[in-house]
Structures are given as C-alpha cells and as structure tokens.
Amino acid sequence: MTDVELANAIAREAGELLCSIRSEGKQQGKELGRRGDQEANTLILDRLKEARPDDFVLSEEAKDDLSRCAAKRVWIVDPLDGTREYSEGREDWAVHIGLAIDGVPVIGAVALPALDLVLDTSLSAPLSDGAGSPRIVVSRTRPPREAEAVAEALRGTMVPMGSAGAKAMAVVRGEADIYIHSGGQYEWDSCAPVAVAKAAGLHASRIDGAPLIYNCEDVSLPDLLICRPEHAEAVLAVTRSAD
Ligand SMILES: Nc1ncnc2c1ncn2[C@@H]1O[C@H](COP(=O)(O)O)[C@@H](OP(=O)(O)O)[C@H]1O
Ligand SMILES: [Mg+2]
C-alpha cells in the first residue's frame, strides 16, 4: 500500500468508527466528543504502528514525543477535527491523516465522514470551478479579524463553517473559494488539509504569505490561508496591510 492509499484507508476507517459511535446515541455533547477523539485516535495510532512501524506520529490526542523533530517522516493527525460540530450532530467535521516529509506536507487524506467523502493527495485539481463572487469560509465560533476586510476588498461573502478540514475541503470541492484563519491553531489542524489542497493546485500559506512548515518543536501554527490561486495575491495584499 502506498502512503496515500494508507492515509485514505485510515481516514475512512476512523470516519466510519466516528459515525457509528455517534449513531449509537449512548453519549451526547462533550462526552460524545471526548469518546470520539479517544477512539479515533487509538484506531489511527494502531493502524500507523502496524503499517509504518519506523515512522513518527504527532497527534492532537497523544503525548508528544519530541524525538520526532529529528525524523524525516512524521504522520501528523487530527483524529476528529471539529469535535464541537461532531458532538452537535452536524456534518462539518473531519479526520486528518497527513504525512510531513522534512517538514513539508506532501501526502494526506481528509475524510468528511458525514458526507461519505475522503479526499487525498492523489487529486490534481479542485473538484469544480470557483464562483464569480468569492465565498470565504471562516470559523463558526472564532472568525478571524482579517476576514471582514478580505470580504470587503474582494466583494466576497463570508460563510461560517466548523472544522479546518471541512473548510479546506470546501475550497477543494468548489463549494468555497477562500479559507482564512487566524488567532490560533496547531499543526494537526492544517497538515493533511494543506497537503490535499496543494495537490489540487490551490494556494496554501501563512496569512503573510510565508510557507507552512510542519514537524516543529512548537506545534502552534496560528494562521492559515487556503484559496484558489487566482485570489491569493488579492487576499495577501489585504492581510499583509492589516499587520
Ligand atoms: N484560536 C484558536 N486556538 C486554538 N485552536 C483553534 C483556534 N481556532 C480554531 N482552532 C482549532 O481549529 C480547528 C477548527 O476550528 P474552527 O471550527 O473554529 O474553524 C478546531 O480543531 P478541533 O476541533 O480538532 O479542536 C479548533 O480547536
Ligand atoms: Mg483540529
């Protein structure tokens, strides 16, 4: 199995597990989110250990082993991105399985289990065309302060949505044109989504245009821009001038 096939299979299986846990109906709210986080994490770590015993893993839900910093290949995973939305019975949540090689997110899969969809780095283009007036997806609960200025400058509309993976995949799917975030996030929130978006030919960077670098000792990666390439320059002009 290739790395991308493995990422896809694990994302799909973890997504199926999360759907079945939710449909059991035994837990609700935060308790459901906690169970989902833990059980998906265990499944992902088991599968990676079995299939790639020599690789390192950085997971939102596992203790960080800093010896990964010297490793070439590190799987960066978020077992349940959009825990809040998952536990609210919504569709905007995701499973992220990314592989950074020398800090670059080159392989990955993002499952959107409630939509029965898994997107991975075997894509080479977005799934459909962009809209005339850009649709800008932002966090439902923590929209970035820069988004309003971007919407105004590009005459776009803001679309609140949960989960970094769901928002990034909305751009890959052609359901949105721009995903912008600031104010806090971690490597697992964006590694697999960025890998998939870049494979599909989209722009992905920090909001000052700097490259996104993974497998750092400090796993904070607080801001992110993923967009159709035709919008990158105009968005960065706004976000850079807001500094
Ligand atoms: N200001 C912030 N600080 C830390 N994490 C943040 C954040 N804003 C968003 N995130 C994380 O980014 C992911 C997507 O957030 P949002 O839905 O608001 O866009 C969520 O991951 P988890 O659900 O894995 O915790 C959330 O916790
Ligand atoms: Mg997350």
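This is a short tour of a predicted model, stop by stop, with what to select at each one. Residues are numbered from 1 along each chain as its sequence is written, and chains are lettered from A and ligands numbered from 1 in the order in which they are written. As the model is predicted, local features need pLDDT of at least 70 and side-chain atom pairs count only at pLDDT 80 or more, while totals for chains, interfaces and linings use all residues.

**Stop 1: the annotated site**

Select E60, D78, L80, D81 and D189, which the unreviewed UniProt entry annotates as "binding site". UniProt positions are given in the numbering used here, feature names are shortened, and annotations may be inferred rather than shown by experiment. These residues span 130 residues in sequence, yet no two of their C-alpha atoms are more than 9.5 Å apart, so they gather at one spot.

Now keep D78 alone. D78 lies in strand β2, residues 73-81. Helices (H or I, at least four residues) and strands (E, at least two) are DSSP runs, numbered from the N terminus. Is D78 buried or exposed? D78 has 32 C-beta neighbours inside 10 Å, so it counts as buried. (Buried means 20 or more other C-beta atoms within 10 Å of a residue's own, exposed 12 or fewer, and partly exposed in between; C-beta atoms are placed from the backbone.) Leaving out residues up to four places away in sequence, D78 touches E60, H96, W188 and D189. Contact here means that two C-beta atoms, placed from the backbone, lie within 7 Å.

Move to D81, also found in strand β2. D81 is buried, with 28 other C-beta atoms within 10 Å. Beyond its neighbours within four places in sequence, the contacts of D81 are W93, A94, H96, S163, A164, G165 and D189.

**Stop 2: strands β3, β4 and β5**

Select residues 104-112, strand β4. Of its 9 residues, 7 are buried, so β4 is largely enclosed by the rest of the structure. Add strand β3 (residues 94-101), which runs antiparallel to β4 and is joined to it by 7 bridges. Two strands pair if DSSP finds at least two bridges between them. I101 has V104 in β4 as its bridge partner. The hairpin of β3 and β4 has 2 residues between the strands, and D102 there takes a positive phi near 50 degrees.

Next add strand β5, residues 117-120, antiparallel to β4 through 4 bridges. A109 stands opposite D120 in β5. This hairpin has 4 residues between β4 and β5, and D116 in the turn has a positive phi of about 55 degrees.

**Stop 3: the five-stranded sheet**

Which strands make up the open sheet, and in what order? There are 5, in the order β7-β6-β8-β10-β9, with mixed pairing. β7 (157-161) and β9 (203-205) are the edge strands, each pairing on one side only. On average, neighbouring strands of this sheet are turned by 20 degrees against each other, direction ignored. (Axes are lines fitted to C-alpha atoms, for helices over the stretch in contact, and angles run from 0 to 180 degrees between N-to-C directions.)

At one edge, β9 pairs with β10 (residues 224-227) in the antiparallel sense over 3 bridges. Within this pair, S205 stands opposite L225 in β10. Show helix α5 (residues 164-173), which packs on the sheet and touches β6 (135-139), β7, β8 (178-181) and β10. Its direction makes about 150 degrees with that of β8. Helix α7 (residues 229-241) packs on the sheet too, touching β8, β9 and β10, at about 145 degrees to β10.

**Stop 4: E31**

Finish at E31 in helix α2, residues 29-51. With 11 C-beta neighbours inside 10 Å, E31 counts as exposed. From C-alpha to C-alpha, E31 and C227 are 34 Å apart in space and 196 residues apart in sequence.
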